[in-house]
Amino acid sequence: MLVDRNCHKSAEHALTMTHSVAIYMIPTRNRYGIIGPIPPDEMTPESIRAKIAACPLSKTAKSQKPVHAIITNSTYDGLCYHAALVEDNLGKSVDSIHFDEAWYGYARFNPIYKDRFAMREGARSENGPTIFATQSTHKLLAALSQASMVHVRNGRIPIEHGRFNEGFMMHSSTSPLYTIIASLDVASKMMEGASGKMLTTESIEEAIRFRRTMARIKREIGTGKGKNDWWFPMWQPDTVIDPKTRKKTSFEETSLDTLRDDPSCWTLRPGECWHGFTGLPDNYCMLDPIKVTVLMPGVNDDGTLASWGIPAPLVVKFLDTRGIINEKSGDYSILFLFSMGITKGKWGTLVTELFEFKQLYDDNAPLEEVFPDLTTGCPERYAGMTLKGLADEMHQFKRDHKMCDILQKAYAVLPEPAITYAEAFEKLVHNEVEHIPIEKAGNRIVATGIFPYPPGIPILAPGERTGKQTGPVLQYLKSLHDFDKHFPGFEHDTHGIENVKGEYMMYCVKEKKQ
């Protein structure tokens with residue numbers, strides 16, 4: 001199976017249950033660690049044949065022809081593929097493609113997403129691949145938790161409903177909760193007719209208003225070269241070309257109508273600094289307006305860390321204390337979702353609290369006033385510190401330990417697969433594994449996937465070797481461990497890693513000693 005390395009852990013479970021061999025397509029990453037789309041070059045038949053030939057596990061597979069492909073659309077950071085181009089590329093190698101659209105169930109209802117989702121109008125082709133789309137309807141539409149949908153568009157090898165249904169029921173409860181099913185009906189009814197466009201348009205408009213407000217604040221505060229003040233940048237185009245006049249205007253001065261109605265305002269163009277991705281053709285990828293990434297100061301355009309900065313964990317913790325919960329965060333970025341029901345009052349509160357953080361930082365406020373839980377819970381570590389002092393120390397720690405650089409290197413390397421997902425799980429079930437610290441995990445086979453959260457992208461998949469002890473993968477995990485030890489209260493969440501008495505432990509397959 002062809003698998004987007006930017007896949008959710010549920011894809012790992014599917015690969016395990018089907019005893020599949022994963023052939024990975026590698027997405028791009030930018031200087032903030034934001035995961036981009038898979039470049040088209042990764043999807044060509046030539047590239048896929050080379051990947052299969054290079055995979056040690058493919059030698060024992062029943063066939064060298066891939067049977068299925070998994071693509072995450074949109075990505076966790078809101079990047080949407082031109083779906084027809086993906087289908088055309090991958091359709092030359094596989095007969096079925098699964099678009100994981102968990103956070104993207106609303107795309108069908110607004111014209112700005114035209115051509116950028118699986119079940120688009122006019123896409124049916126008897127000669128093309130069969131297309132699956134899965135959507136977690138509870139995430140950005142109005143349905144109860146666990147409410148999801150599966151869509152199928154048949155192609156050259158159709159899937160009969162009865163056969164599909166039998167396979168589906170194997171993994172579904174025989175005692176369904178009808179309130180969940182009813183909530184799917186409610187969600188569908190809400191989006192019916194003109195309502196779908198109206199509701200999605202409201203979300204898009206509020207996201208644009210917030211984006212423009214943040215850009216205007218940055219301009220008015222004066223954060224340019226030679227100026228001392230600072231504000232939070234936004235991950236979005238700096239300028240927009242008006243489709244009517246062809247004149248270039250700053251993002252904050254572009255009209256709401258233009259940003260709301262013209263998808264070209266959001267497409268990633270080759271060579272533009274703001275998005276930071278390389279190897280992408282024009283119009284291949286678009287940023288979803290409602291998935292809003294607020295950046296932290298501290299990252300240079302070349303990806304190095306500046307002399308000063310404010311790491312995202314501090315701002316995340318501050319907003320948490322104010323009841324503002326983000327969707328995910330990185331080292332210097334925070335993602336917010338503008339789903340249905342986000343109003344000016346709600347995002348206005350976010351702007352207010354960001355101003356409050358800035359004021360506390362600029363005033364060098366005592367940490368006990370900002371995070372009293374830290375100073376009372378860890379007095380020996382945080383007593384007497386200020387917010388600015390902690391930000392400076394955390395930023396310097398990331399610089400000294402080259403954490404952002406190590407992250408890039410760790411995800412740029414594709415680990416060696418030693419056994420299949422299914423074989424690794426079998427070892428785990430039969431207790432043919434051992435719990436070992438990361439400091440002693442060099443060149444071992446992991447029995448479970450290692451997924452740093454958020455967003456939960458595998459740095460190691462089940463059955464892969466960790467590489468050298470001094471290699472980028474284990475060094476990145478060690479850097480997370482060192483950070484967590486140095487900054488209690490700001491620990492990372494890494495699935496597949498257990499913190500046992502302050503030591504990072506992982507399950508590895510028992511191997512016969514040479």
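Here is a short conversation about a sheet and a helix pair in this predicted model.

Colleague: What makes E11 and E12 the edge strands of their sheet?

Modeller: The sheet is open, with its three strands in the order E11-E13-E12 and antiparallel pairing. Strand E11 (291-295) and strand E12 (328-329) each pair on one side only, so they count as the edge strands.

Colleague: How do you know that E12 and E13 pair?

Modeller: Pairing needs at least two bridges between the strands. Two bridges join E12 to strand E13 (residues 333-337), so the two strands pair, and they run antiparallel. Serine 329 stands opposite isoleucine 334 in E13.

Colleague: Which helix lies across E12 and E13?

Modeller: That is helix H9 (residues 312-321), running at about 40° to E13.

Colleague: Let's turn to the helix pair. Why is H14 called roughly antiparallel to H17?

Modeller: Helix H14 (residues 387-400) and helix H17 (residues 472-486) pack at an angle of about 160°, and their axes are 11 Å apart. Angles over 145 degrees count as roughly antiparallel, so H14 and H17 earn that description. Their crossing is right-handed.

Colleague: Which residues make the contact between H14 and H17?

Modeller: H14 brings Glu393, Met394, Phe397 and Lys398, while H17 brings Asp482, Phe483 and His486.

Colleague: How many residues of each class does the contact of H14 with H17 have?

Modeller: There are three nonpolar, one polar and three charged residues. Met and Phe count as nonpolar, and Asp, Glu and Lys as charged; His is in neither list, so His486 is the polar one.

How values were computed: Residues are numbered from 1 along each chain as its sequence is written. This is a predicted model: local features need pLDDT of at least 70, side-chain atom pairs count only at pLDDT 80 or more; totals for chains, interfaces and linings use all residues. Side-chain values use heavy atoms; hydrogens and water are left out. Helices (H or I, at least four residues) and strands (E, at least two) are DSSP runs, numbered from the N terminus. Contact means heavy atoms within 4.5 Å. Axes are lines fitted to C-alpha atoms, for helices over the stretch in contact, and angles run from 0 to 180 degrees between N-to-C directions. Angles under 35 degrees count as roughly parallel, over 145 as roughly antiparallel, 65 to 115 as roughly perpendicular and the rest as oblique. A crossing is left-handed if the near helix is turned anticlockwise from the far one by less than a right angle, and right-handed if clockwise.
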